[in-house]
Amino acid sequence: MTLRMKNSTNILKQLKSKMGLSSLINQSSCSSIGGHSSRMPLKSPFANDLRSPDSYLCYSPTLFLPHRFESIQAGKQVDSVCGSVNNQFLDFPGGKVAFTPEMRFISESSDERIPCYRVLDDNGQPIFGSSFVEVSEEVSIKLYSDMVRLQTMDTIFYEAQRQGRISFYLTSSGEEAINIASAAALTNDDIIFPQYREPGVLLWRGFSLQEFANQCFGNKADYGKGRQMPIHYGSNKHNYFTVSSTIATQLPHAVGAAYSLKMDRKDACVVTYFGDGGTSEGDFHAALNFAAVMEAPVIFVCRNNGWAISTPTSDQFRSDGVVVRGKAYGVRSIRVDGNDALAMYSAIHTAREMAISEGRPILIEALTYRVGHHTTSDDSTKYRPVDEIEWWRTTQDPVTRFRKWIENNGWWSSNNESEIRSSARKQILHAIQEAEKAEKPPVAELFTDVYNIPPLNLHEQENLLRDTVKKHPQDYPLDVPL
């Protein structure tokens with residue numbers, strides 16, 4: 001038996017004895033991640049078998065932890081599982097690199113795409129042998145109810161914008177499962193750095209419909225004091241950082257916050273959301289590298305809905321989506337069906353445990369589809385086929401799929417459905433009426449909360465604005481107090 005074979009055998013024996021992986025080692029990573037194994041739903045709070053066996057081999061702290069600061073030495077005999085020409089290797093910081101006489105370029109892509117973890121099929125039926133974190137009846141009903149509330153809120157606020165009652169809006173249509181299911185798998189101590197399509201996380205955490213309406217109407221009760229565009233929510237109480245329109249700027253911030261949690265030894269992580277378009281920004285690459293090097297407990301959730309406004313992913317990058325980029329930076333990654341609430345819940349729940357207990361970043365690529373327009377300023381039918389939108393809306397709707405699952409479990413009925421939809425609509429309409437009647441913040445609020453003592457140039461700007469409003473009152477809203 002060669003040295004390589006002996007070492008490989010010894011490593012597997014160590015893994016089996018130390019980690020109890022005798023049965024798991026024989027499975028492929030696809031069988032445990034992709035939902036094709038014969039395992040039953042997980043009843044424990046932490047789903048070990050959702051991890052790929054390969055991840056144990058790659059990240060074992062005793063066998064494969066890189067020594068980053070060792071000196072560079074060449075010519076030593078091989079003392080690892082890797083073979084090389086003449087048994088030579090380069091002892092390079094980060095691990096030993098074997099030499100080869102072949103000039104062999106790494107392929108730009110593999111023959112097969114990374115599989116997508118899924119639990120429920122299109123009809124809401126669990127895939128045979130799928131592995132997932134078990135969800136209670138109580139959590140499942142709240143999860144579905146909040147998806148319905150989010151869906152209803154989007155519909156009504158969108159109509160309010162079309163009526164001219166608010167200036168701007170965007171929906172989460174088609175992406176409700178990513179919102180609500182991910183929020184359900186977290187704790188309120190986990191810090192959220194959103195993009196702008198994650199209001200469902202706030203909804204799950206208890207942000208009221210009235211608070212949503214106050215922000216969209218920019219009234220005096222809005223926590224942002226009317227300074228932000230609609231849907232730019234934020235809440236200190238709910239550990240939800242204020243939305244910024246600038247794409248991907250929240251990603252490095254999230255890593256920094258996660259590293260602070262790690263230094264303070266907090267039992268919490270940071271979760272940041274972004275779209276596929278955000279991965280084309282430099283902030284995405286800087287954040288992943290920063291998180292990997294500093295081993296920050298942060299979960300990157302990419303909503304890959306196929307379109308960065310009007311730019312399709314085929315025009316945006318040539319790689320196999322976003323999930324493969326994690327490996328390049330040393331970040332553990334998984335691709336998930338973003339329209340499967342149960343799969344999203346399981347993936348986020350497990351990722352959170354790994355991020356905190358192992359001190360590592362996780363990248364999740366959630367495959368989904370933006371059924372609605374990008375915003376109220378967009379007409380998506382100009383750049384994508386109507387029948388494509390309709391197919392996703394009717395056959396891949398995450399809300400309908402999850403409803404079928406809870407109905408099959410005997411947890412939901414048509415009466416429950418009518419009640420929740422009627423109640424949500426009434427509550428949202430009432431919230432809008434109240435927000436619309438509320439007083440607007442005074443002009444002076446535009447110049448506060450930046451400096452302890454406002455400088456002279458701000459005083460000058462405020463006076464100039466007041467004079468301009470008085471001279472041209474027809475150009476300014478009448479309900480804004482001077």
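In this predicted model, five strands assemble into an open sheet whose order is E4-E5-E6-E10-E9, and the pairing within the sheet is parallel. The edges are formed by strand E4 (191-193) and strand E9 (332-337), each of which pairs on one side only. From one strand to the next, the twist averages 20°. At the E4 edge, three bridges join E4 to strand E5 (residues 270-275), and the two strands run parallel; Ile-191, for instance, has Val-270 in E5 as its bridge partner.

Helices pack against this sheet. Helix H8 lies across E4, E5 and strand E6 (298-304), and the helix runs at about 170° to E5. Helix H9 (residues 282-294) also packs on the sheet, where it touches E5, E6 and strand E10 (362-367), and its direction makes about 150° with that of E6. Within the residue range of E6 lies Cys-302, which is buried because its relative accessible area is 0%, under the 20% cut-off. Cys-216, in turn, counts as buried at 5% relative accessibility. The structure as a whole holds zero disulfides.

A further pairing of strands involves E2 and E3. Strand E2 (residues 88-92) and strand E3 (residues 95-98) pair in the antiparallel sense over four bridges, and together they form a hairpin with two residues between them. In the turn of this hairpin, Gly-94 has a positive phi of about 105°. The two faces of E2 can be told apart by their covering, since Phe-89 and Asp-91 belong to a covered face, whereas Gln-88, Leu-90 and Phe-92 belong to an uncovered one. Asp-91, on the covered face, has Lys-96 in E3 as its bridge partner.

Burial is also a feature of helix H5 (residues 176-184), which is mostly covered, with nine of its nine residues buried. Among these buried residues are Glu-176, Asn-179 and Ser-182, as well as Ile-178 and Ile-180.

Aromatic contacts were examined next. A search of the whole structure finds 13 aromatic pairs. In one of them, the rings of Phe-207 and Tyr-223 have their centres 6.2 Å apart and their planes at 65°, and because planes over 60 degrees apart count as edge-to-face, the pair is assigned to that class. This pair links distant parts of the chain, 16 residues apart, with Phe-207 in the loop between helix H6 (199-205) and helix H7 (209-217), and Tyr-223 in the loop between H7 and helix H8 (250-263). At 3% relative accessibility Phe-207 counts as buried, while Tyr-223, at 51%, counts as exposed. In another pair, the ring centres of Trp-405 and Trp-411 are 5.6 Å apart and the planes stand at 85°, so this pair is edge-to-face. Trp-405 has a relative accessibility of 7% and therefore counts as buried, whereas Trp-411, at 21%, counts as partly exposed.

Phe-207 and Tyr-223 also take part in an aromatic cluster, which they form with Phe-212 and Tyr-233. Aromatic rings are further accompanied by charged side chains at two sites described here: the charged end of Lys-142 sits over the ring of Trp-204, at 4.4 Å from the ring centre, and the charged end of Arg-325 sits over the ring of Phe-317, at 4.6 Å from the ring centre.

Note on methods:
Residues are numbered from 1 along each chain as its sequence is written. This is a predicted model: local features need pLDDT of at least 70, side-chain atom pairs count only at pLDDT 80 or more; totals for chains, interfaces and linings use all residues. Side-chain values use heavy atoms; hydrogens and water are left out. Rings of Phe, Tyr and Trp (its six-membered ring) pair if their centres lie within 6.5 Å; planes under 30 degrees apart count as stacked, over 60 as edge-to-face and the rest as tilted. Buried means under 20% relative accessible area, exposed over 50%, partly exposed in between (1.4 Å probe, protein chains only). A charge sits over a ring if NZ of Lys or CZ of Arg is within 6 Å of the ring centre and within 35 degrees of the ring normal. Two strands pair if DSSP finds at least two bridges between them. Axes are lines fitted to C-alpha atoms, for helices over the stretch in contact, and angles run from 0 to 180 degrees between N-to-C directions. Contact means heavy atoms within 4.5 Å. A disulfide is a pair of cysteine sulfur atoms within 2.5 Å.
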